[in-house]
Amino acid sequence: MSTQVTITFKRSFLVVLFIIIAIQLYAFSLPIQSSGKVDKSVMVMYLKDSIPVNIDLLYSKDTVPEYYYAYVETPVCEEGLCYDLKVHLYWNVLGDFVKYEEVKSDPFTKFDHKLFSKEDHLKLIEILNDKTSPLANYEAKDLIDKTDTIFSLIVDAVTGATSPALKNSVVSGAVYSTHILWNIVNGKIADSIKTYTEANLINSGLLETMIYSNDYHLQMYGLRHLDASNKNYPEYVLRLVEFGKSYVPYFAIDKITADMWNTLRIQKHMIASLEVFNFEMQNETLNRLQNVKLISGNTTKLLNQLKFLNTSQYNQLTKIIKYNASSLSKSDKGYLLKLSKDESNSFASFATNILSYTK
Amino acid sequence: MNKRRGFLKTLGLSTGAVAMGGHFTTLLANSNNELSIDENGNVNAGEFLINTDIYKQVKYDVDVCVVGAGMSGICAAIAAARNGSKVLLMHDRSRLGGNASSEIRMHISGASQLKQVWRETGILEELVLTEAVTNPQRSYEMWDFVLYDKLISEPNITLLLDTSFYDVKVNNDTIEKVWGLCSQTEEISEISAKYFSDCTGDGSLAAKAGAKYMRGRDAKSTFGESLAVDVADQKTMGNSILFMAQKHDKKMPYTPPVWARKYTTKDFAHRNIGSYEYGYWWLELGGSIDVISDGQQNRHDLLATLFGVWDYVKNSGNHPESENWALSWVGMIPGKRESRRIEGPYIMTQQDVQAATLFEDRVAYGGWPLDDHPPGGMDATGDVPYVSIALKQPYSIPYRSLFSVNIKNLLFAGRNISVSHVALSSTRVMATCSILGQAVGTAMAYCIRHNMSPNTLALQTEDLKRYQQLLLKQDQGILGVKNEDDDDLARQATIKSSSETQKGKAIYIIDGINRDIADGKTHQWQASMDNGEQWISLHWKKAIKINSIQLTFDTGLNRFLRMSPQDWVYKDQVRGAQPETIADYTIELETTQGKKVIAEIENNYLRLAKHDFKTQSIKTLKIKVKKTQGDKLARLFEVRCYLEEQA
């Protein structure tokens, strides 16, 4: 009899324990599947000088540092209505905001205990990504327009509307939550993360990962720390010329040295890329090929890229071809002759000009 | 000297061994020659030019000397002159306006940037309205002449152009005199005055006089400012040179000078080239050097940058639409943003700007964002050229930031006032500088009339209030200050009108507020002109004696109004007279001898109208509005009535 009771007790205890653990895991689970190594608590930062925040370093599958992670719990009051803000936060290795995850059982709430809508979340993400937000330089209470009050439908509390000039800088109805989140994400923690990375993690492997990433800031950092003596220098530079985000390609093309422009590999790559480059990168390429001796066959290749260029670019192209007129093949000259006779082609006069130079 | 007096007497002008003011006496003051007069009192013309000494001294003795005739100095001089002071305004250029003149062509920016209702009023408004109406051709040089005209039309102002300040005599912490040199006329001018205003921008007068000043960027720890740098340094915002270009009907190729800098697409990652007719504020250098003493090199570097940028526009291929464009004007004077900040009893900080501290001694307001430029400028094209923190509302500037903490008779206005580097990033713009000039000019006149030092004025509450009321009367905008002038007889009147609107009741003309202050009320009388002429009248139970009436009209202060070489800047503006302004009106008094018309005005376009006349005893006055500048409503913010002392 007693054995049966014990077994039942043990089983039910195990079941309860299992349920408790399941609840814990469900409520507090790490949403990003950490497929790699985790260095726990590489840093401890303090919110409001008293609440400790442990920051972990997450590695990618290839054991390259990838994200910093912290779980933060902090009380927030939206004008008298208080709740515990709980959030999982992720930064990249330079301290830029990557993402947040709410705790499913305790999502963010606004004034009047309203939940964040999908638009609110999108707005919040936009704000957290903005390092130049005025939230850095205003206290949360200063964002409220004290002359314009909103009354709660639920509890005996009021809040103010956000000042019109700063309305766009917060999620409406969640001024304090937005403010505190922004400052946690972009404040001291972000600075400390960058400092930690630069002091402990920067190596050729991490720089390569940054260069091959899809993030503008990481790419620029990698590019800025590239040494021309690095054996992979040409490969890295070409990678960013082609896959750089936003302005990265313009900085990258600037890193192609004069010697590199004189090599077959670079000339071939850049000339071929005229097909996929945007207008400005085409111009950058054409400008830098001025007074460059093109190696075997590249003159022909360049001439064949004519179809991807604009009339306003013909002048620059012509100057390069003329400089390399001696390496024009017979069929190149035939092609130019054909073009020069085609009155409907806007390149005709330029073709004539080049041909006169070859005689 | 006798001969000179005789000469002056011949022309029927007041005599005196020293120049006292006014343009005619100015012209004559500069003639240092011993004039040969014959027995008939005629000048022997041939002997006129014989005894010319080069760099002979000319002395002036005035009430107020303003050094620098940028927007601050111009407004300071006019304000002091209109308040009865004899003013000497010294400027080291031929053209007036400083950074706003045709020599530099920077925009006059200010609180309009808030996009609310806060365009600056007072003397500046008078200047920009005059330009908008008289210069439809948008010629910058004609704007210079609007300024020139305003200054020489003030009898109390002696204008010394092309005269560079270079020395000062200080005795017992008080400036006794200053010296300026004019090479074109080969003279040295020595000016003695009771008060001096440093409107040089660089605080040159203050520095030479031994006034305390600040320079560079303050540390966070100095004033507790979140936007300050961690460690204090000597860096500042840089200078800019602007240009203008025109479109032609054929290709205009461009070859830069060999010393021009070279730029590629990466240099414009954070710097937008949106149009070609006007240069770019981010064409900036100098923050990392001494913007004053390294000025010659800075100018050259800026020109090298400017031509490099234009070379990029014309020849990089990225701007094919610029093909027919060509440079038409290039500045030679770098427009400065920041150098010295003279120390006053109060130093304004970032917190004062953002929290809009309501100082008891507030005399002006700002509204431009906290707009700081990193010192690298075009030497650091990888960095953003500015960081701008928008403001929620305008903020006040205290009188205690406008006079020296250690030199007793030195005041200042413009970008060189008593502010932190961060606060300067907002106060430095020229509309704000202009109203600071008006505050300082009025303060000096007040101090002279009431025989008190600038410091005493700051400490006496009653005088401070009277000074603020005087500023308000002269249309200076001051946040949260109402008309409480006991001398304003209109405040005791009852008001009637031909008609009024719901939002624009006639009584509002004496409600103490003369503009829209975004409190939901219009603060103006409004009457529909659809039914023809409208009138508004003031009535007193007991007859009053008056000799001066002042009207404040509506000039659309919710809009921008400023000159620009750039087309898009005019998009939100109305060029010319502002439609809300009353154009044609008459003022009629009911005197004991019957009705008397003391003003019959057509095509008014100014905000403030002042009508002075022979003293009359009246019980009623009527203002008849015949026409507006376009608006369907007649609008009138304020009427004031005074019995003023005869000058």
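UniProt positions are given here in the numbering used for this structure, feature names are shortened, and annotations may be inferred rather than shown by experiment.

**View 1. The DUF7402 region of chain B in the predicted model.** An unreviewed UniProt entry lists residues 488-551 of chain B under "domain: DUF7402". Over these residues the chain is 41% strand and 0% helix, and the C-alpha atoms at the two ends of the stretch are 12 Å apart.

**View 2. Helix H11 of chain B and the residue that follows.** Helix H11(B) covers residues 430-449, which makes 20 residues, and its span of 28 Å from first to last C-alpha is close to the 28 Å expected at 1.5 Å a residue. Because 18 of its 20 residues are buried, H11(B) is largely enclosed by the rest of the structure. Just after the helix, Asn451(B) takes a positive phi of about 50°.

**View 3. The contact between chain A and chain B.** Chain A gives 20 residues to this contact and chain B gives 17. On the side of chain B that touches chain A, the residues divide into 8 nonpolar, 7 polar and 2 charged.

**View 4. Leu94(A) and the residues it touches.** Leu94(A) lies in the loop between strand E4 (81-91) and strand E5 (97-102) of chain A. Leu94(A) has 17 C-beta neighbours inside 10 Å, and therefore counts as partly exposed, since a residue needs 20 or more to be buried and 12 or fewer to be exposed. Leaving aside residues up to four places away in sequence, Leu94(A) touches Lys194(A), Thr197(A), His217(A), Leu218(A) and Tyr221(A). Asp332(A), by contrast, is 238 residues from Leu94(A) along the chain, and their C-alpha atoms are separated by 50 Å.

Methods. Residues are numbered from 1 along each chain as its sequence is written. Chains are lettered from A and ligands numbered from 1 in the order in which they are written. This is a predicted model: local features need pLDDT of at least 70, side-chain atom pairs count only at pLDDT 80 or more; totals for chains, interfaces and linings use all residues. Helices (H or I, at least four residues) and strands (E, at least two) are DSSP runs, numbered from the N terminus. The expected span of a helix is 1.5 Å times one less than its number of residues. Two residues are in contact if their C-beta atoms, placed from the backbone, lie within 7 Å. Ala, Val, Leu, Ile, Met, Phe, Trp, Tyr, Cys and Pro count as nonpolar, Asp, Glu, Lys and Arg as charged, and the others, Gly among them, as polar.
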